[in-house]
Amino acid sequence: MDTQQILRAIAALRAPAMPGEYDLHQMVAGALRAAGISCEHEYRLAPRRRIDFFAGGVGVEIKKGRPNARELLRQVERYLECEQINEIIVVTQKDTPLPARVAGKPVTTVSLNRLWGVALP
């Protein structure tokens with residue numbers, strides 16, 4: 001899967017300031033479909049490891065608000081331990097820095113608030 005194509009689809013999103021996490025899932029699913037990207041929602045990587053979206057080796061994990069960076073990193077590490085995942089895109093409402101690589105695999109973060117070009121509450 002072309003990661004840049006997924007990133008372009010997500011970058012087109014303009015989420016409202018206070019959506020629910022399920023709303024974010026629907027928005028991302030719609031953006032991926034509109035871009036012609038085939039993916040599976042709630043994809044089971046292993047027992048107790050279910051990523052929000054999976055598209056040909058690329059995982060997409062969505063978090064509402066600003067998640068705890070340490071907990072999110074642990075979750076990303078667990079996902080990237082699975083051989084089906086070649087890289088992961090983490091979509092959050094508010095910027096949550098993560099390393100560019102985890103377990104030797106690329107990690108890209110997308111902050112939906114930054115897509116607006118202004119700081120939102």
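Tutor: A salt bridge is a side-chain nitrogen of Lys or Arg within 4 Å of a carboxyl oxygen of Asp or Glu. Keep that in mind. The model above is predicted.

Student: Which residue forms a salt bridge with Glu61?

Tutor: The general idea comes first. Side chains of opposite charge can pair when their charged atoms come close. Now the case here. The partner is Lys63, with N and O 3.4 Å apart.

Student: Are Lys63 and Glu61 buried or exposed?

Tutor: Both Lys63 and Glu61 are buried. Glu61 has a relative accessibility of 3%. Buried means under 20%, so Glu61 falls in that class.

Student: Where is Glu61 found?

Tutor: Look at strand 3, residues 58-63. Glu61 is part of that strand.

Student: Which residues does Glu61 touch, leaving out those up to four places away in sequence?

Tutor: Glu61 touches Arg50, Ile51 and Asp52. Its contacts also include Gln75 and Tyr79. Ile88, Ile89, Val90 and Val91 complete the list. For a distance to try yourself, take the C-alpha atoms of Glu61 and Glu42. They are separated by 9.6 Å, and the two residues are 19 apart along the chain.

Student: How many salt bridges does a search of the whole structure find?

Tutor: The search finds three. One of them is the pair of Lys63 and Glu61. Another joins Asp2 and Arg8, at 3.9 Å from N to O. Asp2 is partly exposed, with 37% relative accessibility. Arg8 is exposed, at 54%.

Student: Which residue forms a salt bridge with Arg49?

Tutor: That is Glu81, with the closest N and O atoms 3.2 Å apart. This pair links distant parts of the chain, 32 residues apart. Glu81 sits in the loop between helix 3 and strand 4 (87-92), while Arg49 is in strand 2.

Student: How is each of these two classed by accessible area?

Tutor: Glu81 is exposed, with a relative accessible area of 53%. Arg49 is partly exposed, at 22%.

Student: Let us turn to charge on the surface. Which residues form the positive surface patch?

Tutor: To read a patch, look for like charges that share a stretch of surface. Here the patch is formed by Arg48, Arg70, Arg74 and Arg78. Take Arg74 as one example. It lies in helix 3, residues 69-80. Arg74 is partly exposed, with a relative accessible area of 41%. A patch residue needs over 30%, so Arg74 meets that cut-off.

Student: Where is Arg48?

Tutor: Arg48 is in the loop between strand 1 (40-46) and strand 2 (49-55). At 84% relative accessibility, Arg48 counts as exposed.

Student: What is the phi of Arg48?

Tutor: Phi is an angle of the backbone, so check its sign. Arg48 has a positive phi of about 65°, although it is not a glycine. Ala103 is another non-glycine residue with a positive phi, about 55°.

Student: Where is Ala103 found?

Tutor: Ala103 is in the loop between strand 5 (101-102) and strand 6 (105-111). Its relative accessible area is 57%, so Ala103 is exposed.

Student: What about Val102? Is Val102 buried or exposed?

Tutor: Val102 lies in strand 5. At 6% relative accessibility, Val102 counts as buried. Beyond its neighbours within four places in sequence, Val102 is in contact with Leu73, Val76, Glu77, Leu80 and Val107. The C-alpha atoms of Val102 and Glu81 are separated by 9.2 Å. Those two residues are 21 apart along the chain.

Student: Now the whole protein. How many helices and strands does the protein have?

Tutor: There are four helices and six strands. Read the order from the N terminus: α-α-β-β-β-α-β-β-β-α.

Student: What share of the residues is buried?

Tutor: Buried residues make up 45% of the 121 residues. The accessible surface of the protein comes to about 6500 Å². Carbon and sulfur atoms hold 49% of that surface.

Student: What part of the contacts with a separation of 6 or more comes from residues 24 or more positions apart?

Tutor: To read contacts, ask how far apart the partners are in sequence. In this protein, such residues account for 54% of the contacts with a separation of 6 or more.

Terms used: Residues numbered from 1 in each chain as written. Predicted model: local features only at pLDDT ≥ 70, side-chain atom pairs only at ≥ 80, totals over all residues. Heavy atoms only, no water. Patch = residues over 30% accessible without salt bridge, like charges linked within 9 Å, V, L, I, M, F, W, Y side chains within 5 Å. Areas by Shrake-Rupley, 256 points an atom, 1.4 Å probe, with all protein chains shown as cover. Lys, Arg positive; Asp, Glu negative; His and termini not counted. Charge placed at Lys NZ, Arg CZ, Asp CG, Glu CD. Helix = DSSP H or I, 4+ residues; strand = E, 2+ residues; numbered from the N terminus. Buried < 20%, exposed > 50% of the residue type's maximum accessible area, 1.4 Å probe, protein only. Contact = heavy atoms within 4.5 Å.
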